[in-house]
Amino acid sequence: MSSVTIRCRENGPLVIQGAFQIIDHLGNPFPLPQGKDTIALCRCGHSKNRPFCDGSHRTVGFQAGETAPPPQPASA
Ligand code: FES
């Protein structure tokens with residue numbers, strides 16, 4: 001099991017929790033807030049602080065409600 005969890009917030013960002021780095025397209029890490037193990041990444045495209053969420057998804061009416069498929073029953 002991974003030590004990182006990514007949660008899809010309904011109508012909001014991707015929230016990443018755990019030990020991780022966020023690397024730009026040149027291979028450089030974004031500075032992350034000290035002492036926090038949770039970061040929200042923008043997936044609406046409207047943040048002025050990408051790749052991080054700045055709450056703009058609320059004002060632009062971003063909608064996303066994807067859900068994971070239900071667990072499959074174990075085969076005998
Ligand atoms: S998801 Fe929050 S600003 Fe884009």
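Contact here means heavy atoms within 4.5 Å. Keep that in mind for what follows. One caution as well: this is a predicted model.

Let's start with Ser-47. Ser-47 sits in the loop between β3 and α1. Leave aside its neighbours within four places in sequence. Ser-47 is then in contact with Cys-42, Phe-52, Cys-53, Asp-54 and Ser-56.

Is Ser-47 buried or exposed? Its relative accessibility is 5%. Buried means under 20%, so Ser-47 counts as buried.

Now its side chain. A polar atom there lies 2.9 Å from the backbone nitrogen of Asn-49. A polar atom of the Ser-47 side chain also lies 2.5 Å from the backbone oxygen of Phe-52.

Stay in that loop. Pro-51 belongs to the stretch between β3 (38–41) and α1 (56–60) too. Look at the peptide bond from Arg-50 to Pro-51. That bond is cis, with omega near 15°.

How accessible is Pro-51? Its value is 22% relative accessibility. Partly exposed runs from 20% to 50%, so Pro-51 counts as partly exposed.

What does Pro-51 touch, beyond its neighbours within four places in sequence? The contacts are Ile-22, Phe-30, Ala-40, Leu-41 and Cys-42. For a distance, take Pro-69. Pro-51 and Pro-69 are 18 residues apart in sequence. In space, the two prolines are 27 Å apart, C-alpha to C-alpha.

Next, Ile-22, seen from its own side. Residues up to four places away in sequence are not counted. Ile-22 touches Pro-51 and Phe-52. Ile-22 also touches Asn-28, Pro-29, Phe-30, Leu-32, Ile-39 and Leu-41.

That brings us to the core. Which residues make up the largest nonpolar core? There are 6 in all: Ile-16, Phe-20, Ile-22, Ile-39, Leu-41 and Phe-52. Two of these names came up with Pro-51: Ile-22 and Leu-41 are among its contacts. Phe-52 came up with Ser-47, through the backbone oxygen at 2.5 Å.

Last stop, Asn-11. Asn-11 is placed in the loop between β1 (5–8) and β2 (14–17). Its phi is positive, about 60°, although Asn-11 is not a glycine. Relative accessibility is 32% for Asn-11. That value lies between 20% and 50%, so Asn-11 counts as partly exposed.

To recap the backbone. A cis bond leads from Arg-50 to Pro-51. A positive phi is found at Asn-11. That's it from me.

Terms used. Residues are numbered from 1 along each chain as its sequence is written. This is a predicted model: local features need pLDDT of at least 70, side-chain atom pairs count only at pLDDT 80 or more; totals for chains, interfaces and linings use all residues. Side-chain values use heavy atoms; hydrogens and water are left out. Helices (H or I, at least four residues) and strands (E, at least two) are DSSP runs, numbered from the N terminus. Buried means under 20% relative accessible area, exposed over 50%, partly exposed in between (1.4 Å probe, protein chains only). A polar contact is a pair of N or O atoms within 3.5 Å; within protein, one must be able to donate a hydrogen and the other to accept it, and residues adjacent in sequence count only if both atoms are side-chain atoms. A nonpolar core is a set of buried Ala, Val, Leu, Ile, Met, Phe, Trp, Tyr and Cys residues joined through side-chain atoms within 4.5 Å.
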